[in-house]
Amino acid sequence: MKEADAIYVLDTGSVDNSVNMLRENGVNVSVKNYEHFKFDEARNDSLALVPDDADICVCTDIDEILSPGWREVLESIWNKDTDRVRYNMNFSFDDKGNPVSTYYISKMHKKDKYIWSHSIHEVLMYVGDTPENVITTDKLFIGHYPDRSKDRSFYLNLLEEAVKENPNDDRNMHYLGREYMYNSDWNKSIDTLIRHVYLESSTWDEEKAASERFISRGYLALNRYDEAIMWLKKALKLTPYLREPYVEMGLLYYYKKDYKEAIRYLLLALKITEKSPTYINEDFAWNETPYDVLGLCYFYVGDKSKALEYTRIALELNPNSDRIRNNYDFIKRS
């Protein structure tokens with residue numbers, strides 16, 4: 001962030017030496033403790049620290065790093081009518097440091113035209129009195145390097161409270177169902193995500209299809225294959241241009257040991273070569289997984305030539321996998 005004119009940080013409860021380290025490096029730090037923490041409230045409090053004469057506000061988390069030269073790029077595309085900029089978030093990386101999951105985010109904005117909304121998974125809400133003008137660029141990148149050991153269990157409570165306060169908010173409903181899924185609470189996840197799918201306010205096809213895929217995962221975990229297939233078919237019908245539901249269908253049939261159907265869906269998946277520019281894209285659909293499973297399926301149906309071909313590609317994409325390497329050597333010898 002050192003390319004900015006000034007940096008403002010709101011510390012909401014760190015227990016290390018962050019505050020002193022930031023201040024020693026010229027950062028303006030304020031500290032606030034919340035009796036009942038909400039992300040949007042904290043974001044708005046942090047935004048209030050920025051002087052009113054600031055032209056552009058750039059919001060990052062402590063685990064995010066902007067690409068060098070970001071300020072020059074931002075100034076080159078910003079004009080007097082710009083309200084906000086959409087740019088790329090590299091959300092996750094492979095072992096070589098190459099981005100795996102990338103999607104657009106939009107947290108560079110004018111100060112006086114936005115407030116933060118939603119107590120968790122918060123978003124900027126436009127409050128200007130003229131039509132919003134958003135510029136999209138592929139010249140700006142931010143890298144996400146989270147601390148995986150950090151406790152995020154309180155997310156579930158915040159989401160449950162948010163849905164209870166506003167049961168018609170489709171965004172929170174989707175995130176709550178996803179959080180239940182992360183916690184392997186399959187029945188709650190399925191029920192909540194079905195509610196999301198049928199909410200009148202649920203109009204974004206990609207997020208709705210993600211809910212349908214997650215419902216399928218829940219039924220798969222409960223060994224209810226017919227329902228799992230049914231919900232994946234719904235996702236395929238809604239978003240036939242996304243690779244994710246095809247890969248999940250291929251994996252599902254692989255688990256069922258229906259290798260021919262698995263091959264059919266995985267080959268369809270590989271025909272889709274462009275990721276969604278949203279957070280919906282998932283690593284497993286774009287890494288070695290489809291090739292790895294195709295190699296296994298072709299081996300089980302007796303086509304060793306194609307088994308070797310796809311396993312080789314999987315190994316090239318993930319050369320650190322001993323399992324894939326052993327599979328490749330075994331197929332080669334057989």
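Which residue in β6 does Val58 stand opposite? In this predicted model, Val58 stands opposite Met108 in β6, and this pairing is a good place to start reading the sheet to which the strand belongs.

**The sheet**

β3 pairs with strand β6, residues 99-109, in the antiparallel sense, and the contact between these strands runs over two bridges. Both strands belong to an open sheet of five strands, in which the order is β3-β6-β5-β9-β4 and the pairing is mixed. Because β3 (57-58) and β4 (64-66) each have a single partner strand, they stand at the edges, and one side of each is left without a neighbour in the sheet.

**Aromatic rings**

The model contains 19 aromatic pairs. One of them is formed by Phe93 and Tyr145, whose rings are stacked, with 5.0 Å from centre to centre and 5° between the planes. This pair links distant parts of the chain, since Phe93 lies in strand β5 (residues 84-93) while Tyr145 lies in the loop between β9 and α4 (154-165), 52 residues apart. Elsewhere, one aromatic cluster is made up of Tyr254, Tyr255, Tyr259, Phe299, Tyr300 and Phe330.

**Partly exposed side chains**

Are the two rings of the stacked pair, Phe93 and Tyr145, buried or partly exposed? Residues count as partly exposed when their relative accessible area is neither under 20% nor over 50%, and the table lists Phe93 and Tyr145 together with Val127, a residue discussed below.

| Residue | Relative accessible area | Class |
|---|---|---|
| Phe93 | 25% | partly exposed |
| Tyr145 | 46% | partly exposed |
| Val127 | 43% | partly exposed |

Val127 is found in the loop between β8 (123-126) and β9 (134-144). Together with Ile115 and Met125, Val127 forms a nonpolar patch on the surface, and the accessible area of these residues together is about 230 Å².

**Helix α7**

The helix α7 covers residues 205-221, which makes 17 residues, and from its first C-alpha to its last it reaches 24 Å, close to the 24 Å expected at 1.5 Å a residue. How many of the 17 residues of α7 are buried? The number is 13, and therefore α7 is largely enclosed by the rest of the structure; buried here refers to a relative accessible area under 20%. After α7 comes Asn223, a residue whose phi is positive, near 60°.

Conventions: Residues numbered from 1 in each chain as written. Predicted model: local features only at pLDDT ≥ 70, side-chain atom pairs only at ≥ 80, totals over all residues. Heavy atoms only, no water. Helix = DSSP H or I, 4+ residues; strand = E, 2+ residues; numbered from the N terminus. Expected span 1.5 Å × (residues − 1). Buried < 20%, exposed > 50% of the residue type's maximum accessible area, 1.4 Å probe, protein only. Patch = residues over 30% accessible without salt bridge, like charges linked within 9 Å, V, L, I, M, F, W, Y side chains within 5 Å. Areas by Shrake-Rupley, 256 points an atom, 1.4 Å probe, with all protein chains shown as cover. Salt bridge = Lys/Arg side-chain N within 4 Å of Asp/Glu carboxyl O. Pairing = 2+ DSSP bridges. Phe/Tyr/Trp six-rings, centres within 6.5 Å; stacked < 30°, edge-to-face > 60°.
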